[in-house]
Amino acid sequence: MDCAGGIHKNNMRFLKDLQNIFQFYQFEVVEDSDDSSNLVPPCINGTAQNAWLNRADVRKALHIPQIVPAWDICSDVVGEKYHRVYPTMHDFYMKLLSKGLRVLVYNGDTDMACNFLGDNWFVQSLNQKKTRDYQPWTYNKQIAGFYEQYGNLTFLTVKVVGDVPHPDNEKLAQMWDLLLHRKNTICPKY
């Protein structure tokens, strides 16, 4: 895919991220050795972030030494040196659940980097008894997303929210209010 700010061909960080995401699934990926553009996700435009974070005045304000390379949305240098401490968060979640804590796993439904399907698969892999089927939750009489519950574990999506939900998002405020103040149900229909 050829788009401004998109992921470049042969991006090792992207390939390693794919490897991590699908580490527990067995399937064969057919690759065209002459054209790796089929591995590029649809346009992830980091042009504005690159321009701003690499400005001299911004780097100075952030106390970034001149010897540090320019910022990039997907750094192969960082990706090659990054070592995962935990290959999965399964045991961590099971420990929280065993203590009777309420747990919320939520995703924006337009996030291409950490999409809701992967987290939904993870929640299902915890093998908790489903206590509420997948259904919509509402905000201002409109569907704000979907959720399902597994005892004290809730998986929830927020419509038209991406990777980093804005803290002023009213739907998210409603979601947190429902989670924190209502014990029997996280998302009643209004």
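**A predicted chain, from its loose stretches to its core**

Over residues 32-42 the pLDDT (the predictor's confidence in each residue, from 0 to 100) stays under 50, and the model has 18 contacts beyond four places in sequence for this stretch; contact here means heavy atoms within 4.5 Å. Residues 183-190 also have a pLDDT below 50, with 27 contacts in the model beyond near neighbours in sequence. Where pLDDT is low, the predicted coordinates should not be read in detail. For the protein chain the mean pLDDT is 74, and 63% of its residues reach 70 or more.

This is a predicted model, in which local features need pLDDT of at least 70 and side-chain atom pairs count only at pLDDT 80 or more, while totals for chains, interfaces and linings use all residues. Residues are numbered from 1 along each chain as its sequence is written, and side-chain values use heavy atoms, with hydrogens and water left out.

Now to the overall layout. The protein chain has 7 helices and 4 strands; these are DSSP runs numbered from the N terminus, with at least four residues for a helix (H or I) and at least two for a strand (E). Read along the sequence, they follow the pattern α-α-α-α-α-β-α-β-β-β-α. Of the chain's 190 residues, 28% count as buried, where buried means under 20% relative accessible area, exposed over 50%, and partly exposed in between (1.4 Å probe, protein chains only). Among contacts between residues at least 6 apart in sequence, 59% join residues at least 24 apart.

The 4 strands of the sheet come in the order S1-S4-S3-S2, and the sheet is open, with mixed pairing; two strands pair if DSSP finds at least two bridges between them. Strand S1 (103-108) and strand S2 (132-139) stand at the edges with a single partner strand each, so one side of each has no neighbour in the sheet. On average, neighbouring strands are turned by 25 degrees against each other, direction ignored. Strands S3 (residues 142-150) and S4 (residues 153-158) run antiparallel and are joined by 4 bridges, and Tyr-147 stands opposite Leu-156 in S4. Across S1, S3 and S4 lies helix H6 (residues 116-125), running at about 170 degrees to S4. For such angles, axes are lines fitted to C-alpha atoms, for helices over the stretch in contact, and the values run from 0 to 180 degrees between N-to-C directions.

What about the aromatic rings? Rings of Phe, Tyr and Trp (its six-membered ring) pair if their centres lie within 6.5 Å; planes under 30 degrees apart count as stacked, over 60 as edge-to-face and the rest as tilted. The count by this rule is 3 aromatic pairs. One of them is the edge-to-face pair of Tyr-93 and Phe-122, at 5.1 Å centre to centre with 75 degrees between the planes. This pair links distant parts of the chain, with Tyr-93 in helix H5 (residues 90-98) and Phe-122 in helix H6, 29 residues apart. Tyr-93 and Phe-122 are both buried. Tyr-134 and Phe-146, in contrast, form a stacked pair, with 5.5 Å centre to centre and 10 degrees between the planes. Tyr-134 sits in strand S2 and Phe-146 in strand S3, so this pair ties together parts that are 12 residues apart in sequence. Tyr-134 is partly exposed at a relative accessible area of 41%, and so is Phe-146, at 25%. Ring pairs also link Phe-92, Tyr-93 and Phe-122 into a cluster.

Tyr-93 and Phe-122 turn up again in the largest nonpolar core, which has 10 residues, among them Val-105, Val-123 and Phe-155. A nonpolar core is a set of buried Ala, Val, Leu, Ile, Met, Phe, Trp, Tyr and Cys residues joined through side-chain atoms within 4.5 Å. H5, S1, H6 and S4 each supply at least two residues of the largest core. Apart from it lies another core of 7 residues, including Leu-104, Trp-137, Ala-144 and Tyr-147. In strand S4 there is also Thr-157, which is buried with a relative accessible area of 2%. Beyond four places in sequence, Thr-157 touches residues including Asn-107, Phe-116, Tyr-134 and Trp-137.

Two loop residues round things off. His-63, in the loop between helix H3 (56-61) and helix H4 (76-81), has a phi near 60 degrees, a positive value in a residue other than glycine, and it counts as exposed at 71% relative accessibility. Asn-127, in the loop between H6 and S2, has a positive phi near 55 degrees and is exposed as well, at 67%.
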